[in-house]
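Visitor: I am new to this structure and would like to learn how to read it. Could you walk me through it, feature by feature?

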Amino acid sequence: MSARTWRGLTYGVPLAFLALFFVYPLVSIMERGLSSGDDLAAAIDVLTEPLTREVVWFTVWQAVVSTALTILIAFPASYVLGRYTFRGRGVALAVVTVPFVLPTVVVAIAFLAVLPERLERGSAAILIAHVFLNVAVVVRVVGTFWAGLDPRVSEAAATLGAGPWRSFREVTLPLLAPALAAAASIVFLFSFTSFGVVLILGGPRYSTLETEIYNQAVRMFDLRAAAVLALVQLVCVALAVWAATRLEAGLAVGGWRGREQDVLRPLRTPRERTFAAISLGALALFLGVPLAVLVERSLAVGGGHGFEAYRALGKPTNALLATPWEAVVNSIVYAGGATAIALVCGGLAAFAVAGSRRGGTRLLDGSLMLPLGASAVMLGFGFVIAFDTEPIDFRSLPWIVPVVQALVAIPFVVRIVAPTLRAIDERQREAAAVLGASPGRVRREIDLPVAGRALGVAAGFAFAISLGEFGATVFLARPDSPTLPVAIFRFLGRPGELNVGQAYALAVILMVAVALSILVIERLRRDRVSWF
Amino acid sequence: MLRIENVSVSFGGKAALDRLALEIAAGEVVSVLGPSGSGKSTLLRVVAGLQPPDSGRVLLDGEDLVSVPAHRRGIGLVFQDHALFHHRDVWGNVGFGLRMRGDSRQEIERRARYCLDLVGLAGYERRSILTLSGGEQQRVALARALAPEPRVLLLDEPLGSLDRRLRDRLLEDLAKIFDELRVTALHVTHDRAEAFALGDRVAVMRAGRIVQVGTPDELWARPADEDTARFLGLNVRDGTAVRPEAITVRPVAPDQGGDGVVRRAVRQGPTVKLEIELNSGETLEAVVAALAHPAPGDRVQIEVDEHGVSELSVEGPKALHGFDR
């Protein structure tokens, strides 16, 4: 393959994919929301409705409060993991990360299981679930950043007469600010566009932009109102991203970045040990109990325990047009397809992004991140509007579900693979060329094996993300072939102990499947693989 | 025969190679000796096909290589700091070039084993690159480059990152291997001892040009100009180059005068290098046997053997500019 063809492929395939499946649906939403004449007046009607104002207000409020609570609750653990070294530190970091990769539907249903009935549906439940999902972001971002801060700076402050609290406020906190800002903006964005949690835990009273788009489109069949809300959401997200970038740039402080082994010190005094044990233990309880209760509830039968709910999964049910067990199979097939698409598109894009540093590359890099900003609901809704006639009619095309899931996964694939490709020493490629390897052969012999593990990790992530994808899939999955999260959602909408039990059981299965793919990722990260 | 004809390369307007010309005969080892930043690595990259020249030609046995891509040139390159493939074991590295040219499995096995034997690493086949010492990595890099029987072998500061004792040992091994295989090699280094030990001929390079080519003896006897003489470690005095070993030093009593005073005495293995400040204020370096040498502060009388003195040409290395065609 000539260098030209290869370049064309690495740029062409991802861009064509994005143009057709991301840009076109988004443009369709705009068209639907902002077309001329009385339609525009109707759009303004939607905007001025009190309900819209209420929804926007609640969306912003819950995102701000979720962010503040998450930082508050994650902070002690970030401090312990960012300042001390102890046996089990790596395990603690890994365990904290687990909730982050759990599907939102699973988290929502776990809190349904654990919260007292009074709190089950409402803003408190939403906030708690958001904290649960995002604690990992704060601990990882702030904790690892903290572990690179020069401890001598605080020591210097101490020799200058600053007490521990003073030194923390005036020295450590300003130094941590960039990491705190970065973590806060990620948590804010996730909470702002959170769908599954709000839809399940919000009940009929609490609605955010995301769930309201869904309500208008699916329950009210008011596509224009949904489109207008989607545009409001798009503007809000763009504003938030812009503000976050400005904030981080303003807070950035240069200076010494240490290696963890030089910075972290062992826990010495009993006070330090107690503090570490309490902050990590409390966090472990907060993260562990809901999941444990979820497993317990899935086994509850009447007063005792049994596998009733699991056994019922193979039988037809009034909640679905398929047996629940078929939903499990669907999910795996769809996620497999999505992973394949995401690996091809994201992998090729990673080659393009890593290959050069020209302006066009940065543009591609940036546009590949866009699906992250646009929410899953927006993608699903966009597909419904854009692909409702031949030749692409989402109702008759089963592969549309993997495509939309891949869209959500592609940014992760690029982010995982491109840095590995960039890190390859150019002289390795030169050495291969001098030894007789053609450019295509160099890619096969050098880039691919080195990136192989990253591709494996990316595949695991893509699979896990696709398995749990709910916001987009719920629009597109056909009633006779639901995925796991969709099936769980349908069961929750039906009364009856067995229906709820089956929802719990499916959530446990989904959790185990995601955990398995994460386990594969962790293995790939650690093992040294021989390639010859 | 490798012929480099008037090759120029510049980066951002700054010339790295300036109409450089050099010829290497079949089976000959030429060492290019020059300070860092003189364009040595660029020269190798041009020959290997990793850096296109702005102008000039590279001919191998009469064939112009400039339009031939690196992977079809059949030229081996030992990189500075090795550039080994960390994702492959020793065997995967050494056999790489053989696989590229489509050798059979048995042939790869035979040839890779032979090359590992040659560099003294028999039995290392399955070792991971990360477990090797610096010297072992260098040997693997050499075996990897030699395995596909390159028409010319290029070596870029091959011993640069190793400690002194290891360098001396590898230097001997390299010389032996080159002799045995009769390789045609172009080797660049900033280290005089390395250049003189490996090169059948040594080419002195400065600012993108070759200023002088000759056997080590020829260079030592007749350096082309003052800078070259200094770079080789000769004294420069009144338009002549004076070899430090051609100076005889005799201590004299403090009140007897003499020609100068010893400022420093540095032991270099079996010899001692003396830095002598002459009465005129000039500094002279002399190398003497270490049995009984004057100490710093001693006044000395010096005598210069005229066989160790050569005239320096005033115009410098005009004839070496390029091939006149």
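Guide: We will take the contact between the chains, then a covered helix, a buried residue, aromatic rings and salt bridges.

Guide: This is a predicted model, in which local features need pLDDT of at least 70, side-chain atom pairs count only at pLDDT 80 or more, and totals for chains, interfaces and linings use all residues. Residues are numbered from 1 along each chain as its sequence is written, chains are lettered from A and ligands numbered from 1 in the order in which they are written, and side-chain values use heavy atoms, with hydrogens and water left out.

Visitor: How many residues does each chain bring to the contact between chain B and chain A?

Guide: Contact means heavy atoms within 4.5 Å. Here chain B brings 28 residues and chain A brings 20 residues. Buried area is the accessible area (1.4 Å probe) that two parts lose on being put together, summed over both. For chain B and chain A that area is about 2200 Å², with 62% given by carbon and sulfur atoms. His71(B), His87(B) and Met100(B) supply 30% of what chain B buries against chain A, more than any other three residues.

Visitor: How many polar links run between chain B and chain A?

Guide: A polar contact is a pair of N or O atoms within 3.5 Å; within protein, one must be able to donate a hydrogen and the other to accept it, and residues adjacent in sequence count only if both atoms are side-chain atoms. There are 7 residue pairs in polar contact between chain B and chain A, both residues at pLDDT 80 or more.

Visitor: Which elements of chain B supply its side of the contact?

Guide: Helices (H or I, at least four residues) and strands (E, at least two) are DSSP runs, numbered from the N terminus. In chain B, α1 (40-48), β6 (75-78), α2 (90-94), α3 (96-100) and α5 (134-146) each supply at least two residues of the side that touches chain A. The largest share, 4 residues, comes from α3(B). By type, that side of chain B has 15 nonpolar, 7 polar and 6 charged residues, where Ala, Val, Leu, Ile, Met, Phe, Trp, Tyr, Cys and Pro count as nonpolar, Asp, Glu, Lys and Arg as charged, and the others, Gly among them, as polar.

Visitor: Is helix α20 of chain A mostly covered or uncovered?

Guide: Buried means under 20% relative accessible area, exposed over 50%, and partly exposed in between (1.4 Å probe, protein chains only). Helix α20(A), residues 426-434, is mostly covered, with 7 of its 9 residues buried. Among them are Arg429(A) and Glu430(A). The cover includes α19 (400-423) and α21 (439-468) of chain A, along with α1, β6, α3 and α5 of chain B. After α20(A) comes Gly436(A), with a positive phi near 105 degrees.

Visitor: Why does Thr211(A) count as buried?

Guide: Thr211(A) counts as buried because its relative accessibility is 2%. Thr211(A) sits in helix α11 (residues 209-219) of chain A. Its side chain makes a polar contact with the side chain of Ser207(A), at 2.8 Å. Leaving aside neighbours within four places in sequence, Thr211(A) is in contact with Phe195(A), Val198(A) and Leu199(A).

Visitor: How many aromatic pairs does the structure hold?

Guide: A pair of aromatic rings is described by the distance of the centres and the angle of the planes. Rings of Phe, Tyr and Trp (its six-membered ring) pair if their centres lie within 6.5 Å; planes under 30 degrees apart count as stacked, over 60 as edge-to-face and the rest as tilted. The structure holds 28 aromatic pairs over all chains. Phe21(A) and Phe387(A) have ring centres 5.7 Å apart and planes at 65 degrees, so they are edge-to-face. Both are buried, and they belong to one aromatic cluster with Phe17(A), Tyr24(A), Phe383(A) and Trp399(A).

Visitor: Which residues are linked in a network of salt bridges?

Guide: A salt bridge is a side-chain nitrogen of Lys or Arg within 4 Å of a carboxyl oxygen of Asp or Glu. Arg441(A), Glu445(A), Arg88(B) and Arg99(B) form such a network. In one link, the side chains of Glu445(A) and Arg99(B) meet at 2.7 Å, N to O. The count is 3 salt bridges between chain B and chain A, and 35 over all chains.
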